[in-house]
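Trainee: Could you pick one sheet here and go through it closely with me? I'd like to know what it's built from, what sits around it, and then how the rest of the chain fits in.

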Amino acid sequence: MTREIGANAPSGDRPSDPADDVAEVVSQLIRFDTTNTGDLATTKGEAECAHWIAEQLAEVGYETEYVESGAPGRGNVFARLPGADPSRGALMIHGHLDVVPAEPADWSVHPFAGAIEDGYVWGRGAVDMKDMVGMTLVLARHFRRAGIVPPRDLVFAFLADEEHGGAYGAQWLVNNRPDLFEGVTEAIGEVGGFSLTVPRRDGGERRLYLVETAEKGIQWMRLTARGRAGHGSMVHDQNAVVALAEAVARLGRHQFPLVVTDTVAEFLAAVSDETGLTFDIESPDLDGVIDKLGPMARMLKAVLHDTVNPTMLKAGYKANVVPATAEAVLDCRVLPGRLAAFEAEVDALLGPDVTREWIRNLTPYETSFDGELVDAMNAAVLSVDPDGRTVPYMLSGGTDAKSFMRLGIRCFGFSPLRLPPDLDFSSLFHGVDERVPIDALRFGTQVLAHFLTHC
């Protein structure tokens with residue numbers, strides 16, 4: 001059952017602070033099961049959720065456009081709020097509606113119940129990324145109802161299929177409906193603006209707010225080994241399964257060289273400045289120093305190297321038949337500027353009987369941490385947390401920014417959340433018992449309200 005945002009208050013006495021609504025809105029969004037399996041036959045689709053968002057926007061006077069991108073049910077919604085200066089480029093605020101699958105038996109609460117308990121909103125998508133969608137929606141409505149005119153046009157985009165690369169979302173829209181992005185020069189989206197609490201060299205603590213300015217490339221690779229088919233009882237010196245398994249093992253164990261990009265160097269310098277830790281890339285204890293940053297160390301280590309993780313294997317059709325072919329899929333994440341060197345290193349490890357092909361190739365992205373938009377992000381964070389500090393970082397995964405960059409749009413991850421210091425935030429992405437603190441949602445809504453009215 002759905003209801004209008006703000007329906008918890010009488011029409012003449014609705015809350016003036018959009019942060020009052022955000023937890024309930026995120027809960028409502030989670031209750032739409034928008035599971036994306038990557039297979040059209042089993043993917044739920046985003047249409048119902050997208051239509052509800054369009055209704056909420058239309059109710060306060062927005063003209064919305066609903067677009068199904070390439071397949072039935074893969075719904076996207078766009079709305080534009082005119083700004084005070086039409087000569088300036090527009091800012092896009094984008095969020096995806098789809099979520100990865102969740103197995104209810106593994107969870108403490110049902111992943112699509114949208115439970116509000118113990119100071120958190122629980123459910124699949126709570127941090128990836130219906131939190132940002134909820135904050136965006138309550139602010140879009142608040143601006144219209146309050147008659148707020150932002151400094152520049154704001155384009156609100158609620159998108160499908162990010163969790164499978166955007167073929168039915170951002171990629172399709174960029175290729176087929178570039179008019180929807182007319183005038184957009186900058187954009188903000190997910191996985192940035194959240195706090196990381198680090199120990200200060202003077203014995204206190206400092207909250208760093210990590211603004212995503214770079215992403216590794218996403219390259220999914222299929223390996224195919226070919227051999228000679230035959231009876232399983234005989235000796236085989238050209239077994240495709242063996243050739244594939246050996247190649248997969250070599251790649252899975254391989255340590256790619258350490259590379260420090262501009263973004264990562266700037267992040268490490270900021271952390272070093274606050275903590276006194278020394279990140280010596282030549283030190284054999286570099287991993288140990290990084291581990292002192294807590295759970296975020298997993299993500300940081302991943303942006304110091306290219307990575308390859310085997311994820312799928314397929315071979316054979318009967319126990320006593322040696323197959324002629326065997327296949328594997330590997331998830332490769334490649335640093336900016338490293339693709340050619342990465343491919344050469346992979347080819348040297350594969351062996352003579354194994355070939356490779358890219359089945360997904362989304363390029364890395366990196367922009368600088370400067371300019372008026374970055375200044376506005378910093379000011380917005382400090383307006384709510386004067387002791388905070390914004391710093392750039394690189395995301396080990398990827399977002400829809402990879403598609404928007406093809407239109408020349410400068411992209412940032414800025415979905416602000418002030419998190420408890422002991423919360424293992426990175427483990428919640430695609431994890432069991434995904435949840436977001438209610439206080440963090442309120443904080444993020446206040447920061448975004450300042451940012452969008454001063455950008």
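Mentor: Let's take the open sheet of three strands, ordered β4-β5-β19 and paired antiparallel. Strands here are DSSP runs of E with at least two residues, helices are H or I runs of at least four, and both are numbered from the N terminus. Two strands count as paired if DSSP finds at least two bridges between them. In general, strands of a sheet pair through backbone hydrogen bonds, either parallel or antiparallel. At the edges sit β4 (116–117) and β19 (435–437), each pairing on one side only.

Before we zoom in, keep in mind that this is a predicted model: local features need pLDDT of at least 70 and side-chain atom pairs count only at pLDDT 80 or more, while totals for chains, interfaces and linings use all residues. Residues are numbered from 1 along each chain as its sequence is written, and side-chain values use heavy atoms, with hydrogens and water left out.

Now the strands. β4 and β5 (residues 120–122) run antiparallel and are joined by two bridges; Ile116 has Val121 of β5 as its bridge partner. The loop between β4 and β5 holds Asp118, and this residue has a positive phi of about 55° although it isn't a glycine. A bit further on, Asp128 and Met129 are joined by a cis peptide bond, with omega at about -10°. Met129 belongs to the loop between β5 and α3 (130–146). Both are worth a glance, because most residues other than glycine have a negative phi, and most peptide bonds are trans.

On the other edge, Arg435 lies in β19. Leaving out residues up to four places away in sequence, Arg435 touches Tyr120, Val121, Trp122, Ala126, Val127, Leu423 and Leu428. A contact means heavy atoms within 4.5 Å.

What lies over the sheet? Helix α1 lies across β4 and β5, running at about 10° to β5. Angles run from 0 to 180 degrees between N-to-C directions, and axes are lines fitted to C-alpha atoms, for helices over the stretch in contact. α1 (residues 22–31) also has a helix partner: its axis and that of α2 (residues 47–59) come within 9 Å and cross at roughly 145°. From α1, Val25, Gln28 and Leu29 meet Cys49, Trp52 and Ile53 of α2. That contact is made up of five nonpolar residues, one polar and no charged. Nonpolar here covers Ala, Val, Leu, Ile, Met, Phe, Trp, Tyr, Cys and Pro; charged is Asp, Glu, Lys and Arg; the others, Gly among them, are polar.

Stepping back, the chain is assigned domain 1 (18–198 + 365–453) and domain 2 (216–362); the bounds come from an automatic or database domain assignment. Their C-alpha centres lie 30 Å apart, and the contact takes 23 residues from domain 1 and 26 from domain 2. Between them they bury about 2300 Å², 65% of it on carbon and sulfur atoms. Buried area is the accessible area (1.4 Å probe) that two parts lose on being put together, summed over both. Three salt bridges turn up across this interface, a salt bridge being a side-chain nitrogen of Lys or Arg within 4 Å of a carboxyl oxygen of Asp or Glu. Elsewhere in your view, look for Asp273 and Arg389, a salt bridge with its closest N and O atoms 2.9 Å apart.

There's another open sheet to set beside ours, with four antiparallel strands in the order β12-β14-β10-β15. β12 (307–315) and β15 (354–362) are its edges with a single partner strand each, so one side of each has no neighbour in the sheet. The twist averages 20° from one strand to the next. Inside it, β10 (residues 217–226) and β14 (residues 325–334) pair antiparallel over 10 bridges, and Met221 is bridged to Leu330 of β14. Helix α9 (residues 339–350) packs on this sheet and touches β10, β12, β14 and β15, its direction making about 155° with that of β15. Helix α5 (residues 240–253) lies across β10, β12, β14 and β15 too, at about 15° to β14.
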